[in-house]
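The following paragraphs go through a protein model chain by chain. Please keep the sequence and the coordinates at hand while reading.

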Amino acid sequence: MKGTTIVEKQIVQTHQKKKAAAGSGAKQKILAFASLIVLIVVFSLSSSNFFVFDNLVGIMLSTAVIGVLALGSTFVIITGGIDLSVGTVMTFSSVMAGVIINFWHVSLPLGVIGGILAGALCGLTSGLMVAKMKIPPFIATLAMMMITKGLSLVISGTKPIYFNDYPNFAKISMGKLIPGIPNAILIFLGLGVIASIILTKTLIGRYTFALGSNEEATRLSGVNTVRWKIVIYTMTGVFSGIAGILMASRLNSAQPALGSGYELDAIAAVVIGGTSLSGGAGSILGTVIGALIMSVLTNGLRILSVAPEWQTVIVGFVIILAVYADILRRRKR
Amino acid sequence: MKRKQWFILLAMMLSLTTVLGACSSGDKGDGKTYIPVISKGFQHQFWQAVKSGAEKAAKEFDVNITFEGPETESQVDKQIEMLQTALDKKPSAIAFAALDSKAALPLLEKAKANNIPVIGFDSGVDSDIPVATAATDNVKAAALAADKMAEIIGGSGEVALIVHDQTSRTGIDRRDGFKNQIESKYPDIKIVDIQYGGGDQLKSTDLAKAIMQAHPNLKGFFGANEGSAIGVVNAVNELKKNGQITIIGYDSGKQQTDAVRSGTMAGAITQDPIGIGYWSVKAAVMAIKGEAVDKNIDTGFHWYDKNNIDSDEIKPLLYD
């Protein structure tokens with residue numbers, strides 16, 4: 001490497017890292033998928049009530065909200081950042097949709113769009129704080145989490161907003177385009193496909209990985225890293241906004257006090273799915289599987305009537321196992 | 001340039017604090033009696049109803065109150081801080097709904113030493129410091145829910161519970177009140193599962209669905225607070241088991257009263273949240289004046305269902 005400039009070195013490193021990331025990502029996906037299958041088999045054998053159509057639909061439905069949050073989180077985490085505000089931005093979006101639809105009596109579709117835009121606006125603000133003001137993502141999104149949490153309560157007057165006058169709103173999540181399967185599941189899976197295409201086939205996706213692998217090299221090679229970071233955080237906000245609509249639709253109400261702690265479930269799903277918290281590696285399929293593992297685990301443990309305090313302990317251990325397996329494989333290289 | 005940015009930042013912070021200062025109402029200063037009311041929360045509709053009761057009493061007796069509480073019922077530490085701050089303001093009396101009465105004991109003793117009367121509300125404090133406690137007897141109320149459950153499902157079958165948490169006083173009292181009544185009076189009814197959803201509607205919905213999957217013969221479901229009860233209603237609706245499972249709830253709120261009206265929920269226990277708030281302040285005023293106050297003010301509870309939901313007795317107790 002004698003004689004090469006720092007820039008060239010870094011770009012070479014970026015490429016090497018990227019290749020490694022792609023390889024281990026695939027393995028992690030297989031491992032995560034295998035654990036999911038094992039969990040399903042174990043629970044099916046333990047209880048005859050687990051592998052039943054209604055329960056499987058229930059599992060998918062309970063994955064939808066956290067799953068959509070996790071899809072959005074995947075992008076920022078791959079850039080090496082973090083978004084702690086996804087849960088409360090979700091709540092903020094649902095409250096905004098409630099305000100637009102129920103207080104201002106603007107049409108339902110515009111309310112839905114408005115709610116999602118509110119999420120995008122929060123993401124945009126976080127992005128500006130991170131990229132322009134150079135506030136560390138952890139701090140910027142922590143602040144955003146508090147701001148949206150408070151604003152949701154202020155705007156709603158600490159009261160839930162009900163959508164009873166708009167029966168079509170509940171159909172967004174609970175209507176059934178395909179008999180037996182609530183729309184929320186289809187929306188979650190559809191968004192998964194879209195997110196996967198964005199991450200693997202578009203410029204946004206390519207820069208998401210590049211930022212996480214080596215931000216400085218990416219910047220030096222002429223990429224406007226500030227702009228792309230803002231784009232990525234805004235996109236995460238859009239996903240939170242959609243999750244907000246899904247949640248409000250399922251509960252037929254915008255609950256201003258919900259949402260705290262959801263960001264941690266989302267991050268756990270992303271990490272179990274093999275996305276590295278240090279950035280540069282990860283996949284959408286992994287995140288979807290990670291989210292499913294979380295909900296299969298909680299559902300199965302509930303069906304077996306495991307004491308709730310132990311359920312939490314077990315989920316904690318699963319996260320350690322998943323991440324440690326990932327680290328072991330990386331070390332082998 | 002650098003200095004200019006500093007000035008802008010400083011100016012922004014100054015203006016922010018001024019605006020916030022102007023927004024907050026003065027606690028004191030007009031010479032009126034000041035009674036801080038420290039509740040267990042402020043976000044739930046239940047606490048908003050308690051607050052309106054407290055404000056009603058404040059108006060009636062011409063005293064100043066502040067009403068605050070932590071975000072969730074597990075934040076014992078935050079509540080203790082609020083109690084500490086309230087005591088530092090040297091109030092005339094204090095109304096306090098303890099999340100953990102033992103944790104608050106040192107501060108309550110300090111209040112007693114400073115001759116500040118303490119009124120407990122919502123749940124009792126395990127000490128003789130409070131001059132009075134305005135609360136619902138949650139054990140008895142949950143036992144009534146158990147009796148109603150037994151009556152409706154015909155004295156036998158499987159039932160399950162979703163409770164908000166297993167550490168708070170109300171959670172424990174309602175769970176045990178229901179459980180002990182069933183176990184001692186109705187041997188043919190079996191409690192198959194008790195789970196905790198933190199009062200989170202979404203989580204309680206998924207929990208209730210899992211329980212219904214695990215116990216296909218379930219005949220009855222008790223949700224021990226508003227969020228838990230609505231979770232059960234959602235679950236029954238989603239699994240289309242309306243009419244097959246008897247749901248009994250707790251407190252009110254629009255979704256719960258709607259479910260009672262539509263028949264999805266058989267009925268629910270309502271406390272008197274406005275009465276709890278009203279009595280906490282009224283008892284404080286009486287204590288300040290040195291009047292005799294009942295040690296235990298039972299604010300009561302009632303069963304409501306489709307038939308009496310709009311009656312004069314029940315209607316004022318329900319909140320939306």
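S39(B) has a relative accessibility of 0% and therefore counts as buried, the cut-off being under 20%. The model is a predicted one. In chain B, S39(B) sits in the loop that joins β1 (34–38) to α2 (45–61). A polar atom of the S39(B) side chain is placed 2.4 Å from the backbone oxygen of G41(B). Beyond the neighbours within four places in sequence, the contacts of S39(B) are W47(B), F67(B), E68(B), G69(B), P70(B), Q79(B), A97(B) and F121(B).

The setting of this loop is a chain with 10 helices and 12 strands. Chain B has 320 residues, of which 56% count as buried. Along the principal axes, its C-alpha atoms fill a box of roughly 70 × 60 × 35 Å. Among the contacts in chain B with a separation of 6 or more, 73% come from residues 24 or more positions apart. The chain exposes about 14,000 Å², and 52% of that area is supplied by carbon and sulfur atoms.

How many residues of α10(B) are buried? The count is 12 of 16, so the helix is largely enclosed by the rest of the structure. The buried positions include P273(B), G275(B), I276(B), G277(B) and Y278(B) towards the start of the list, and also S280(B), V281(B), A283(B), A284(B), V285(B), M286(B) and A287(B). Helix α10 of chain B covers residues 273–288. From first C-alpha to last, the helix reaches 23 Å, close to the 22 Å expected at 1.5 Å a residue. G290(B), which follows α10(B), has a positive phi, near 80°.

Chain A offers two further helical positions to examine. T63(A) belongs to helix α2 (residues 53–78) of chain A. With a relative accessible area of 2%, T63(A) is buried. Not counting residues up to four places away in sequence, T63(A) touches F188(A), A291(A), L292(A) and S295(A).

Y324(A) is located in helix α13 (residues 308–332) of chain A. Is Y324(A) buried, exposed or partly exposed? Its relative accessible area is 43%, so Y324(A) is partly exposed; buried would require under 20% and exposed over 50%. Y324(A) is one of the members of a nonpolar surface patch. The other residues in that patch are W310(A), V313(A), I314(A), F317(A), I320(A), I327(A) and L328(A). Together with Y324(A), they have about 770 Å² of accessible area.

Methods: Residues are numbered from 1 along each chain as its sequence is written. Chains are lettered from A and ligands numbered from 1 in the order in which they are written. Side-chain values use heavy atoms; hydrogens and water are left out. Patches are made of residues with over 30% relative accessible area and no salt bridge: like charges are joined within 9 Å, nonpolar side chains (Val, Leu, Ile, Met, Phe, Trp, Tyr) within 5 Å. Accessible areas come from the Shrake-Rupley method with a 1.4 Å probe; for residues, only the protein chains shown count as cover. A salt bridge is a side-chain nitrogen of Lys or Arg within 4 Å of a carboxyl oxygen of Asp or Glu. Helices (H or I, at least four residues) and strands (E, at least two) are DSSP runs, numbered from the N terminus. Buried means under 20% relative accessible area, exposed over 50%, partly exposed in between (1.4 Å probe, protein chains only). The expected span of a helix is 1.5 Å times one less than its number of residues. A polar contact is a pair of N or O atoms within 3.5 Å; within protein, one must be able to donate a hydrogen and the other to accept it, and residues adjacent in sequence count only if both atoms are side-chain atoms. Contact means heavy atoms within 4.5 Å.
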